[in-house]
Amino acid sequence: MSKAWKELDLEGGGLQSVNARLAREMRTRPAAYAAWVLFPLGLHRFYLREPLGGAGFLLLGAATLASVLFAPASWWLVPLGIGVLWALVDLWWIDRRVTDYNKELRKQVFLRKGHKPPQDYRGRYTSDEDARRELDEYRQIKEAEKPGQSGLAGANDRDRDAGGKRRMPSFNEQEAMLRQMRKDRNEGDDKG
């Protein structure tokens, strides 16, 4: 099936244009790792919008080439070794960079101009530890609240099932509540 929808330009047409822009500009891990294969050219860095890192790889490649041609003995191994070590570190770096780049891109695309994300906004949870910590904080807040303060008017033991959960009133109970409300409203109209 053709992916021609990714090339549509809806010119500010709401969510569809935002999703089309995201599909066009987001970075993927397979493409970044494929570009890494040619690390002396720094293509993976340029792909991930890190031009300084890409230029650094180009400079190391040029230094290696220059030392092969002009330096005595095996001095060319120094820039080559630095480049290889840096490339090996980038194998780990690529995964994190793709995640960070795509998260920042989503923030830029979805937030309206002039609006900042909410305070303490971090996007998606980065680890299970963050999610557990947030859940524990929420539980502590909820456990500190006074029991029975659900905010539902008229809630009593009659409205709860055997497990203590609030139950839905039966059809007859709903009809009785409506009759009582109608009666109360009519009495209020008669007095006024």
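User: Why is R139 called partly exposed?

Analyst: R139 has a relative accessible area of 43%, and because buried means under 20%, exposed over 50% and partly exposed in between (1.4 Å probe, protein chains only), R139 counts as partly exposed. This is a predicted model, in which local features need a pLDDT of at least 70 and side-chain atom pairs count only at pLDDT 80 or more, whereas totals for chains, interfaces and linings use all residues. Residues are numbered from 1 along each chain as its sequence is written, and side-chain values use heavy atoms, with hydrogens and water left out.

User: What makes D136 and R139 a salt bridge?

Analyst: The closest N and O atoms of D136 and R139 are 3.9 Å apart, and a salt bridge is a side-chain nitrogen of Lys or Arg within 4 Å of a carboxyl oxygen of Asp or Glu, so the pair qualifies. Both residues lie in helix α6, 3 residues apart, about one turn of the helix; helices are DSSP runs of H or I with at least four residues, numbered from the N terminus. D136, with a relative accessible area of 40%, is partly exposed.

User: How many salt bridges are counted by this rule, and which residue forms one with R29?

Analyst: The count comes to 6 salt bridges. R29 pairs with D95, and the closest N and O atoms are 2.3 Å apart, a pair that links distant parts of the chain, with R29 in helix α2 and D95 in helix α5, 66 residues apart. Both partners are partly exposed, R29 at 31% relative accessible area and D95 at 36%.

User: Why is R97 called buried, and what does its salt bridge with E50 tie together?

Analyst: The relative accessible area of R97 is 17%, so R97 is buried, whereas E50, at 25%, is partly exposed. The closest N and O atoms of the R97 and E50 salt bridge are 3.5 Å apart. R97 lies in helix α5 and E50 in the loop between α3 and α4, so the pair ties together parts that are 47 residues apart in sequence.

User: How do you know that R27 has no salt bridge?

Analyst: The nearest side chain of opposite charge, E25, is 7.1 Å away from R27; Lys and Arg count as positive and Asp and Glu as negative, while His and the chain ends are not counted. R27, which is buried, sits in the loop between α1 (15–25) and α2 (29–36). The side chain of R27 reaches the backbone oxygen of Y47 at 2.7 Å. Beyond four places in sequence, R27 touches residues including Y47, V98 and Y101, where contact means heavy atoms within 4.5 Å.

User: Why is T64 called buried, and what does T64 touch?

Analyst: T64 has a relative accessible area of 13%, so T64 counts as buried, and its place is in helix α4 (residues 51–70). Leaving aside residues up to four places away in sequence, T64 touches W76, P79 and L80. A polar atom of the T64 side chain also lies 2.8 Å from the backbone oxygen of L60.

User: Why is the pair of F39 and F57 rings called edge-to-face?

Analyst: The structure holds 3 aromatic pairs. In the pair of F39 and F57, the ring centres are 6.3 Å apart and the planes stand at 70°, so the pair is edge-to-face; the rule pairs rings of Phe, Tyr and Trp (its six-membered ring) if their centres lie within 6.5 Å, and counts planes under 30 degrees apart as stacked, over 60 as edge-to-face and the rest as tilted. F39 and F57 are both buried, and, together with W36 and W86, they form one aromatic cluster.

User: What makes the phi of R49 notable?

Analyst: Most residues other than glycine have a negative phi. R49, although not a glycine, has a positive phi of about 60°, and R49 lies in the loop between α3 and α4. A73, in the loop between α4 and α5, likewise has a positive phi, near 55°, and at 70% relative accessibility A73 counts as exposed.

User: Where does pLDDT stay under 50?

Analyst: pLDDT, the predictor's confidence in each residue from 0 to 100, stays under 50 over residues 151–155. The protein chain averages 77, with 71% of the residues scoring at least 70. Among the elements, helix α6 (residues 128–144) has the lowest mean pLDDT, 76, and α2 the highest, 92.

Note on methods: Helix = DSSP H or I, 4+ residues; strand = E, 2+ residues; numbered from the N terminus. Polar contact = N/O pair within 3.5 Å; in protein donor to acceptor, adjacent residues only side chain to side chain.
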